[in-house]
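Before any docking or solvent placement is set up, here are some notes on the empty space in this model. Please read them beside the coordinates.

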Amino acid sequence: MQGFELNFFLGGLSPIGFQGYYARSLPPVGTGRAVLIKAGPGCGKSHLMRTLALRLTAAGHTVHTIRCSADPASLDGVICPALCLTVLDATAPHALEPAFPQAHETVLSLYDALQETELRGHCAELQALHSRYKAFTDRATRYLAAAGSLLQDRARTAQCCTDLAKARAFALSLSKRYLPVKKEKAPQESIRALSAVTADGIVFFKETIRTLCRETVILDDAYGPASGALLAQLRKEILAKGYGVITCWCAMQPREKIDHLLVPELGLAFVTSGPFHVFEPMGDRVIHCTRFMNKNGLGARKARLKFDLRAAKELVREAGLLLDEARGIHRQAETFYTSAMDFSKADAALERLCASLGV
């Protein structure tokens with residue numbers, strides 16, 4: 001039976017710089033297998049992982065394909081939960097080093113496939129491209145920091161009108177309805193992201209939710225505090241009742257707010273639909289989070305809330321355009337590495353990996 005792919009991010013550029021969950025996606029030490037790929041840009045890392053994902057799905061496995069937030073067309077990783085396998089691009093800005101080489105992590109290095117003498121002749125050009133790339137990404141980060149500040153002001157303003165205790169109490173009622181108690185409790189939490197600010201603008205992998213979950217509860221929340229409190233409480237309930245959960249953090253508040261919770265065992269999702277990632281109902285239950293809010297209070301603050309959102313959206317849009325410029329520079333750097341690469345060695349490394357996995 002053909003398996004299927006589920007698209008996720010493992011981080012991206014945010015108001016606090018690059019925020020990633022790569023290390024947290026590795027299987028626990030002593031279990032499973034972790035493969036860390038080391039290579040230069042344009043050396044076939046994404047192609048290798050794409051081919052591996054296709055072979056795993058052809059063998060009937062479901063895989064999490066980890067998209068690159070800098071360029072969503074490229075892959076940063078492949079995770080196969082059934083095999084407890086994680087394969088990641090372990091280079092900057094999400095560099096990883098093995099804690100227990102060969103005992104737990106395997107490093108798949110393609111550096112020996114690069115012709116050093118050819119690359120040394122282009123060192124100055126590569127250095128100049130790197131400086132230009134960093135200038136664009138640094139500027140994009142500043143724009144996102146400004147947007148994050150506005151969104152934080154908006155959330156704090158809305159929180160003054162939000163009954164957080166009521167939202168948490170409602171989460172408990174949802175838990176009773178949707179989460180039966182399990183007898184054996186061995187909960188595991190996976191950290192992912194379903195949206196990111198990318199070179200293609202804001203990308204939201206809503207199809208992942210539809211593919212993985214039969215039942216979806218949508219939290220329609222234009223402001224954030226109500227859905228954030230509700231999902232934080234639901235996460236505690238899910239884990240306390242012994243279910244595995246995929247926790248998806250907000251791209252603009254990666255350390256503060258949960259956007260979505262997926263419970264694969266139950267085919268169940270709790271999804272936030274908001275200004276930056278709209279999730280259209282398809283017969284789903286929709287909870288309008290204004291039920292937890294003082295509408296008169298919101299009305300009195302309408303101008304401030306509207307300004308914060310409008311300005312933040314414009315800053316996020318500009319950040320995406322800057323990231324697109326950075327992507328073009330990165331692709332220029334890739335051409336130097338691609339021309340110096342012996343791809344037969346990358347192909348051989350892929351075959352060895354696939355053979356060791358039996359795919």
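The points below take the pockets and then the cavities in turn.

1. The model is predicted, and the volumes and linings that follow are computed from it. Totals for linings use all residues, so please keep this in mind when reading the residue counts.

2. The largest pocket holds about 1,300 Å³ of space, and 46 residues line it, with Pro41, Ala92, Pro93, Tyr133 and His330 lying nearest its centre. Two or more lining residues come from each of the elements β2 (11-14), α1 (45-58), β6 (75-80), α3 (123-159) and α8 (302-339), and among the contributors α3 gives the most, with ten residues.

3. As to the chemical character of that lining, the residues of the largest pocket divide into 22 nonpolar, 15 polar and nine charged.

4. The second largest pocket has a volume of about 720 Å³ and a lining of 29 residues, of which Pro81, Gln188, Glu189, Ser190 and Arg192 lie nearest the centre. The elements that give two or more residues here are β6, β7 (85-89), β9 (189-192) and β13 (245-249), and the largest share, three residues, comes from β9. By class, the lining of this second largest pocket comprises 15 nonpolar, nine polar and five charged residues.

5. Turning to enclosed space, how many cavities of 30 Å³ or more does a search of the whole structure find? There are two, and the largest cavity has a volume of about 320 Å³. Of the 24 residues that line the largest cavity, Cys250, Gln253, Pro275, Phe276 and His277 are the closest to its centre.

6. For the largest cavity, at least two lining residues are supplied by each of α3, β10 (195-198) and α8, while the largest share, three residues, belongs to β10. The lining of the largest cavity contains 13 nonpolar, seven polar and four charged residues.

7. The second largest cavity has a volume of about 80 Å³, and of its 14 lining residues the closest to the centre are Gly11, Gly12, Gln19, Ser195 and Ala251. Both β2 and β10 supply at least two residues of this lining, and β2 gives the most, with four residues. The classes here are nine nonpolar and five polar, with no charged residue in the lining of the second largest cavity.

8. Two elements deserve a second look across these points: α3 supplies residues to the lining of the largest pocket and also to that of the largest cavity, and β2 contributes to the lining of the largest pocket as well as to that of the second largest cavity.

Terms used
Residues numbered from 1 in each chain as written. Predicted model: local features only at pLDDT ≥ 70, side-chain atom pairs only at ≥ 80, totals over all residues. Heavy atoms only, no water. 1 Å grid on protein atoms, 1.4 Å probe; cavity = no way out; pocket = protein on both sides within 12 Å on 5 of 7 lines; lining within 4 Å. Points joined across faces, edges and corners; volume = space filled by probe spheres on them. Nonpolar A, V, L, I, M, F, W, Y, C, P; charged D, E, K, R; others polar.
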